[in-house]
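Open the model in your viewer and follow the stops below in order. Each stop gives a selection and then what is found there.

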Amino acid sequence: MGDRDALISRFLTEAGWSAAKRVRIAGDLSARRYFRLKGAGGETVVLMDADPKLDPSTPRFVQVTNWLRAANLSAPDILASAADDGLLLLEDFGDTKVSDAIKSEPDLRSGIYTLTLELIDRVQERPLDGLHTPSPQELVNLTRLADDYYPHIDQARLKPFRALLETVLAEILSEPPAVSLRDFHADNLIWLPNRAGFRRLGILDYQDAFLTHPVYDVVSLLTDARTDIEPEFRTRMIREYAQRSGRNLAEVSRAFAAFSAQRNLRILGIFARSASRDGKSVHLPKLPRVYGYLIEALRHPVFASVAQDAIAAIPPPTPEMIEALT
């Protein structure tokens, strides 16, 4: 038994779950691992294993969890903790992701997405100390991951786009920032139909929360790499968000386009890197969807002066490109 396995065994023994059956739960691209533990009476919990040598985010996860629960939001209860060792036992929300709930009952979609906008409002009502606030330059630099890993990008032709993006983000970020859960999409929300209101949305994967423009999580939700969201529905939800937040629709749409361009160019790089460097090709089939969101954002009037060169600089993810990344 390795040192990590021994540490986990000791943690589970102290928590009273040493005899439980352990089943691996599919995770994301991070170094974190998740296991469902089933007790003798059928009760279940989730073990989160995040080796701090690979992922030091567990203390932040605990902080944000406690903050969310204090706001009466459905973050998982922490049942046992060795946060410094990267080990937690969490309340089990089950396997019904919001995306799965919508697939099985399409009529739920509009209502669920309205709930998510309510949830975003609730998250942004309260301050959370200690979170990073990335600068416009930092946000733009994050998109350079695509230069390193996404094939055949023309960095020179992207230079004017990045200069304009930094200027636009600086203007947008002049207003006070709000808490963003960051990876806020339909696969990180668990459908809990027996709860009320936005507590029907169980929240996962928020340890990378930061402070930025309030529209960021709306962008994350409505340009979801894992879920088809047609432009008409996205436009309707953006309009609803603007009405709910009391913001000018044109300003919201401008901010949405800027963060969508920033976020989706970065994601092209993340998914390409996970395949070519880390051997994780599971997200490669999503590249065309992400690329489509990016091109849609670049066609917003705010990017009119640079759109043609920017689009030409980023080749579409053809089957041949995806195969080469595998």
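## Stop 1: the second largest pocket

Start with the second largest pocket, whose lining comprises 14 residues; select Thr235, Ile238, Phe256, Glu296 and His300, which lie nearest its centre. The model is a predicted one. The volume of this second largest pocket is about 240 Å³. Three elements give two or more residues each to the lining: helix H9 (231-245), H10 and H11. H10 provides the largest share, five residues. By class, the lining of the second largest pocket has six nonpolar, five polar and three charged residues.

The next stops take the helices in pairs.

## Stop 2: H9 against H10

Show H9 and H10 together. Their axes come within 9 Å and cross at roughly 125°. An angle over 145° would count as roughly antiparallel and one of 65 to 115° as roughly perpendicular, so H9 is oblique to H10. The crossing of H9 past H10 is right-handed.

For the contact, select Arg234, Ile238, Arg239, Tyr241 and Ala242 on the H9 side, then Leu249, Val252, Ser253 and Phe256 on the H10 side. Six of these contact residues are nonpolar, one is polar and two are charged. Ile238 and Phe256 belong to this contact and were also listed nearest the centre of the second largest pocket.

## Stop 3: H10 against H11

Keep H10 (residues 249-276) and add H11 (residues 287-298). The two helices pack with their axes 8 Å apart, at an angle of about 150°. Angles over 145° count as roughly antiparallel, and H10 and H11 are therefore roughly antiparallel to each other. H10 passes H11 in a left-handed crossing.

On H10, select Ala257, Ser260, Ala261, Asn264, Leu265, Ile267, Leu268 and Phe271. Facing them in H11 are Leu287, Val290, Tyr291, Tyr293, Leu294, Ala297 and Leu298. Colour this contact by class: 13 residues are nonpolar, two are polar and none is charged.

## Stop 4: H4 against H9

Return to H9 and add helix H4 (residues 109-123). Here the axes are 11 Å apart and the packing angle is about 40°. Angles under 35° count as roughly parallel, so at this angle H4 is oblique to H9. H4 and H9 cross in a right-handed sense.

The H4 side of the contact consists of Arg109, Ser110, Tyr113, Thr114, Leu117, Glu118 and Asp121. From H9, select Phe233, Arg236, Met237, Glu240, Tyr241 and Arg244. The contact of H4 with H9 holds five nonpolar, two polar and six charged residues.

One residue to label before leaving is Tyr241, which meets H4 here and is also part of the contact of H9 with H10.

How values were computed. Residues numbered from 1 in each chain as written. Predicted model: local features only at pLDDT ≥ 70, side-chain atom pairs only at ≥ 80, totals over all residues. Heavy atoms only, no water. Axes fitted to C-alpha atoms, helices over the stretch in contact; angles between N-to-C directions. Helix = DSSP H or I, 4+ residues; strand = E, 2+ residues; numbered from the N terminus. Left-handed = near helix turned anticlockwise from the far one by under 90°. Contact = heavy atoms within 4.5 Å. Nonpolar A, V, L, I, M, F, W, Y, C, P; charged D, E, K, R; others polar. 1 Å grid on protein atoms, 1.4 Å probe; cavity = no way out; pocket = protein on both sides within 12 Å on 5 of 7 lines; lining within 4 Å. Points joined across faces, edges and corners; volume = space filled by probe spheres on them.
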